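Got your viewer open? Load the model below, switch on side chains, and let's walk through it stop by stop.

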Amino acid sequence: MRLIEVILDDESLNEAVKSNKGVAGVDKMTVYEIDIYFQNNKERIKKEILEKKYRPQPGKRVYIPKSNGKKRLPV
């Protein structure tokens, strides 16, 4: 089995969608909203990934405030 098939397995995808323990991402979508979106679009997204046509939106640069007053980018 190819790695991409393991990653795109329904069980793996469902686990990944819920792995952030309820915290909204930089897009402000909650896990509940992501779950609904993903369930409605899962097959299309999987097909686009397999056909190398999927283009995710660019990641947003978010600085993390530190206790010393400075901010840093996540790795």
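Start by selecting P56, which is exposed because its relative accessibility of 52% is over the 50% cut-off. Keep in mind as you look around that this is a predicted model. P56 sits in the loop that runs between α3 (31-50) and β1 (64-65). Now add I45 to your selection: I45 and P56 are eleven residues apart along the chain, and their C-alpha atoms are 9.8 Å apart.

Next, jump to helix α1, which covers residues 3-7, and pick out I7. Is I7 buried, exposed or something in between? With a relative accessible area of 43%, I7 is partly exposed. Add L3 and V6, and you have a nonpolar surface patch: together with I7 they offer about 270 Å² of accessible area.

Time for some charged pairs. How many salt bridges does the structure hold? There are five, and we'll visit some of them.

Select K46 and D10 first. Their side chains form a salt bridge, with 2.9 Å from N to O. K46 belongs to helix α3 and D10 to helix α2 (residues 10-17), so this pair ties together parts that are 36 residues apart in sequence. Try a surface view here: K46 counts as buried because its relative accessibility is 15%, under the 20% cut-off. D10, at 32%, is partly exposed. Then bring in K42 as well, since D10, K42 and K46 are linked in a salt-bridge network.

Stay on helix α3 and select R44 and E48. Here's another salt bridge, with the closest N and O atoms 3.2 Å apart. The two residues are four apart in helix α3, so about one helical turn separates R44 from E48. Both can be seen from outside to some degree: R44 is partly exposed at 37% relative accessibility, and E48 is partly exposed at 22%.

For the last stop, select E51 and K53. Their side chains meet in a salt bridge too, at 3.9 Å from N to O. Which one counts as exposed, and which as partly exposed? K53 is exposed, with a relative accessible area of 55%, whereas E51 is partly exposed at 38%.

Want to see the charged stops together? Show K46 with D10, R44 with E48, and K53 with E51, then colour each pair separately.

Conventions
Residues are numbered from 1 along each chain as its sequence is written. This is a predicted model: local features need pLDDT of at least 70, side-chain atom pairs count only at pLDDT 80 or more; totals for chains, interfaces and linings use all residues. Side-chain values use heavy atoms; hydrogens and water are left out. Buried means under 20% relative accessible area, exposed over 50%, partly exposed in between (1.4 Å probe, protein chains only). Patches are made of residues with over 30% relative accessible area and no salt bridge: like charges are joined within 9 Å, nonpolar side chains (Val, Leu, Ile, Met, Phe, Trp, Tyr) within 5 Å. Accessible areas come from the Shrake-Rupley method with a 1.4 Å probe; for residues, only the protein chains shown count as cover. A salt bridge is a side-chain nitrogen of Lys or Arg within 4 Å of a carboxyl oxygen of Asp or Glu.
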